[in-house]
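Me: Please take a close look at one exposed or buried loop position, and then place it among the surrounding parts. I would like a single connected account.

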Amino acid sequence: MTLGILGEILVILSFAAAIASFGGYLYVAKTLDYEKEKWFSRLYTSTIFFLVAASGILIYLLATHQFQYYYVYNYTSTDLAFRYLISAYYGGQEGSFMLWILISAVVGVGLIKWTDKEYRPMVMAVMAGTQMFLLSMIAGIPIGDGVTLGASPFRTLVEAMPDVPIFQTNPNFIPADGKGLNDLLKSPWMMIHPPILFVGFSMMTVPYAFAMAALWTRKYNEWIKPAFPWVLGANLCLLTAIFLGGYWAYVTLSFGGYWAWDPVENASLVPWLIGVAGIHMMLIQRKHNSAQRSAIFLALLSYVAIVYETFLTRSGILGDASVHSFVDLGLYNQLVLFMAVMVLGGVALYIYRYKDLPRNEKEFSVLSKEWWIFWGATMVGILGLVIIVGTSSPILGKLFQANPTPPEISFYNNWSLPLAVIIAIMTVMGQFLWWKKINDSEQLASELLKPIVLTAVATLATVIIGEVRNIPYMLVIFAGYFAVFGNGFIFFSIVKKKPKATGGTVTHFGFGLLLVGIIASSAYNSYMLDEQTKAYNAAVKAGNITDENGVQVMDEVDMIRIEKGTPTVVNDKFRITYNGFHIDDKNRPGEQIYNITIMNLDSGSGVDLNPVVYPMLQSSSMDHINWAVDPDVYTGMFYDLYLYVAGSKYVNDKNAELQRARTQGMSTSNIALQDETDPHAGHDHANTDEIDQTLGFTKGDSKTIKEFTLTFEDFVQVAEEEKPANTFVAVKARFKVENAETNQTEYVEPMFAVVEENGERVRHAHSAYIESFDLTIRFSNVVPMSDQIEIQVYQGDQQVGGTANQTQIGQQEPDWVLLIAEKKPFVSVVWLGTFMIMAGFSIAIYRRWAEEKQREQRLKSA
Amino acid sequence: MKPKVIVGVLAIVGFTSLLMYNFGNSISAYTTFETATEIEGNVHVVGKWVKEKPSGFSDKSMQFSFFMEDESGNMMRVMYPKPKPNNFDQATQLVVIGKMKNGVFYANDMLMKCPSKYNDANMADFEPAEHNT
């Protein structure tokens with residue numbers, strides 16, 4: 001019994017327990033046989049123990065590098081830092097499902113304890129039912145003909161890939177190392193993002209469960225109270241997860257933003273929006289005893305949105321549309337089934353009870369808080385709908401095109417900004433009507449006067465200082481400020497009397513800030529360019545530039561080329577200096593850390609930024625080094641400076657070195673990491689960060705370096721005894737070296753060999769030392785298909801001589817970098833707005849928790 | 001029917017139509033160079049990099065230029081205003097997004113489909129070829 005098999009058994013046991021408790025709870029819901037309910041609760045609770053054990057096994061397998069398991073092989077490697085071995089537990093689909101299920105099980109056990117017995121059977125039936133579906137995704141039970149139900153995280157390599165030839169000959173083959181984790185994911189942000197996301201998903205199941213229970217038991221009001229804190233909690237977690245993802249994208253990826261409307265991003269935003277809409281409807285139901293239908297509808301919809309988005313991102317249907325869509329595990333049909341059951345189950349019950357649902361015939365007057373909250377929440381729901389439409393382009397797009405692409409980004413922006421404006425304004429109206437006693441429209445107008453005036457002033461100031469000329473943007477800025485000031489006024493009026501009730505106000509305040517920040521940082525983002533590039537771009541725009549092939553250049557340039565030692569002024573206000581780079585193998589092998597200083601010429605203050613370029617060894621190969629970049633960001637109050645290295649002399653040289661080695665069929669494995677070392681030389685000249693200065697010779701060539709004249713006379717055969725072991729080919733080159741100062745002539749014959757090592761061909765460059773001159777000649781290369789050779793010359797320990805290829809002796813191309821530098825105004829406001837929204841949610845959750853505690857106290861003492 | 005209900009239904013119908021119309025306009029198809037010449041606005045063209053033809057990044061014009069063959073067999077020059085993207089050489093398929101002008105495709109974005117590492121294994125995965133120390 002291997003650990004993997006034990007793990008699979010535990011998962012299957014959980015699956016069986018979930019199925020049994022699902023059926024059991026349904027039975028209890030129908031018959032109200034609460035005696036039997038205890039057993040089903042025990043069954044449900046047992047899944048926690050199975051899942052904890054299974055998770056422990058998986059983490060153990062990962063930590064001990066057991067590469068015979070597909071999951072371990074795919075997502076880890078022997079050199080992976082320990083913390084990433086642990087987080088690899090949820091790095092792949094199978095594991096992340098397991099984490100989600102585990103968290104959900106804990107939530108369910110909490111519900112068993114806290115839910116009133118009337119709702120409990122149906123609530124738990126739903127919880128068990130969702131567990132059942134999720135567990136089916138990782139059960140890995142074979143159902144004949146090579147098909148399995150779900151993909152088990154414990155399946156072995158042989159089981160996952162039976163057709164790979166190596167398993168035919170050696171079924172017990174275990175790879176020495178795994179594929180490793182994608183470098184981009186090696187980040188603390190990416191470590192905490194998934195668990196928080198799954199806590200959010202798990203919590204969002206609860207309102208759905210309560211809504212179903214309310215429909216089933218026909219008790220349409222009592223469910224709001226217990227379900228409400230769960231929606232708040234779910235939304236807080238989803239928002240945190242969204243923020244972490246956005247921040248990670250901003251500092252790790254090179255697209256320079258925090259939001260790209262990518263399907264995976266939308267997958268967590270839409271349920272959040274629907275959750276927000278649901279929260280507001282539930283508030284109306286509590287205060288005003290109406291909107292029951294909307295509250296139930298949205299509670300059902302929030303979880304359906306989660307399942308739908310899970311389907312979109314995990315089924316493979318988005319394959320080409322998203323750069324980070326997850327691996328297709330063949331779960332398509334199961335995910336469709338899950339979705340169908342959740343949707344149809346909810347719809348069926350809803351329609352069944354539709355006539356029974358209370359309808360508050362009293363209309364909301366336009367001057368009532370209910371009206372604004374109801375329609376405001378509806379707007380939020382519509383925003384969610386728009387985003388779902390865009391994200392579903394692989395499906396919906398088929399109505400328009402045979403092979404649809406994702407929508408242009410402008411689609412999302414054109415809809416979300418106007419909706420956001422409307423929503424921002426409505427938050428203020430809603431808050432004023434909620435907290436202040438307002439009888440008619442004149443009173444409302446007079447209350448709103450002060451915030452409106454402040455908003456107008458702030459907007460005007462921003463428009464003038466920020467040189468905003470775009471009218472839609474002005475509207476968004478106005479709406480944002482209005483939300484800030486309007487909610488701000490309300491906050492100050494209630495914070496002394498009822499501080500715990502300020503949750504909503506603070507959230508709306510944050511939303512206003514977020515809007516202003518988004519416009520500032522996205523619309524007024526600018527590339528920092530020097531005068532030369534700006535002039536070039538102007539010429540491109542005028543249509544005057546063609547490239548070497550005579551093709552007209554249409555695109556403007558966003559990059560600047562900075563030479564070491566030549567500071568460049570950009571945007572008339574900043575001076576960028578390239579100070580050089582150094583190689584640091586500690587973090588990643590072959591990583592170059594570049595040092596760039598950006599100085600603000602007005603204020604005299606400068607920042608040092610250290611963007612990084614590193615070879616992604618996991619995806620590099622023998623023909624090609626895959627270079628990845630790590631941007632560096634300066635976070636300031638008024639603007640961020642965002643910088644990454646788009647190209648450098650070092651990278652160019654490395655690529656050229658690899659190409660040279662490739663054409664000779666030589667080993668290229670270490671080029672990305674370091675220069676070759678010569679194991680046989682008396683002097684070891686391995687330089688890790690100096691560029692090779694190689695001299696090329698054909699037979700008869702003479703070159704002069706300082707006082708020496710070197711002539712390559714001829715090739716010399718190598719005697720058998722002199723050849724190193726496993727030599728493929730070996731040759732010597734006879735050089736005549738004349739010293740003009742001393743009039744001495746010496747001859748040397750350094751050797752060059754190609755040797756077979758571990759099935760690969762490796763170059764061995766040998767050196768010959770002339771003691772009287774203190775000169776070393778290292779025979780580093782033979783250019784194939786030619787009679788050219790390459791040598792390196794050292795005087796003492798110093799390399800002397802010219803550079804590679806055709807440049808003259810003694811001349812060196814200065815070190816340079818290509819930079820993409822962006823100035824992003826007020827990103828800080830975006831983060832501040834987000835944190836305020838989180839704070840608002842936290843205050844609201846705290847308030848409900850405190851109320852619940854008080855209620856329990858009163859019940860105890862009664 | 002109550003007038004409110006009629007207004008409501010009209011509003012919903014109107015909104016949905018506008019949304020779908022706008023949505024339909026904002027998506028395009030994965031298509032060929034030929035269609036790109038006919039369509040206004042951004043087009044997504046799917047194809048493969050033609051290795052045999054010259055390609056490279058020009059320091060002077062700061063453009064990466066290469067040749068691509070689309071699914072109907074047409075080969076065109078593509079210009080991309082950034083340095084050669086990371087996974088370019090190994091991509092099994094390319095999607096270039098941009099416009100066709102004067103017989104040259106000007107891409108403002110490029111997606112690379114890399115050889116799938118997670119689905120059925122390639123022989124290469126198990127060859128001890130990579131000595132990445």
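**A loop residue and its setting**

Reply: Glu720(A) is found in the loop that lies between strand 15 (708-716) and strand 16 (727-739) of chain A, where strands are DSSP runs of E of at least two residues and helices runs of H or I of at least four, numbered from the N terminus. The model is predicted, so local features need pLDDT of at least 70 and side-chain atom pairs count only at pLDDT 80 or more, whereas totals for chains, interfaces and linings use all residues. Residues are numbered from 1 along each chain as its sequence is written, and chains are lettered from A and ligands numbered from 1 in the order in which they are written.

Glu720(A) counts as exposed because it has 8 C-beta neighbours inside 10 Å (with C-beta atoms placed from the backbone, 20 or more others within 10 Å means buried, 12 or fewer exposed, and in between partly exposed). From Glu720(A) to Ala656(A) the separation is 64 residues in sequence and 34 Å in space, C-alpha to C-alpha.

For the wider setting, the domain assignment of chain A, which is automatic or from a database, gives domain 1 (1-186), domain 2 (188-407), domain 3 (531-654 + 817-825) and domain 4 (694-811). The C-alpha centres of domain 2 of chain A and domain 3 of chain A are 40 Å apart, and their contact (C-beta atoms, placed from the backbone, within 7 Å) takes four residues from domain 2 of chain A and seven residues from domain 3 of chain A. In chain B, the assignment gives domain 1 (1-28) and domain 2 (32-113), with C-alpha centres 38 Å apart.

Methods. Two residues are in contact if their C-beta atoms, placed from the backbone, lie within 7 Å.
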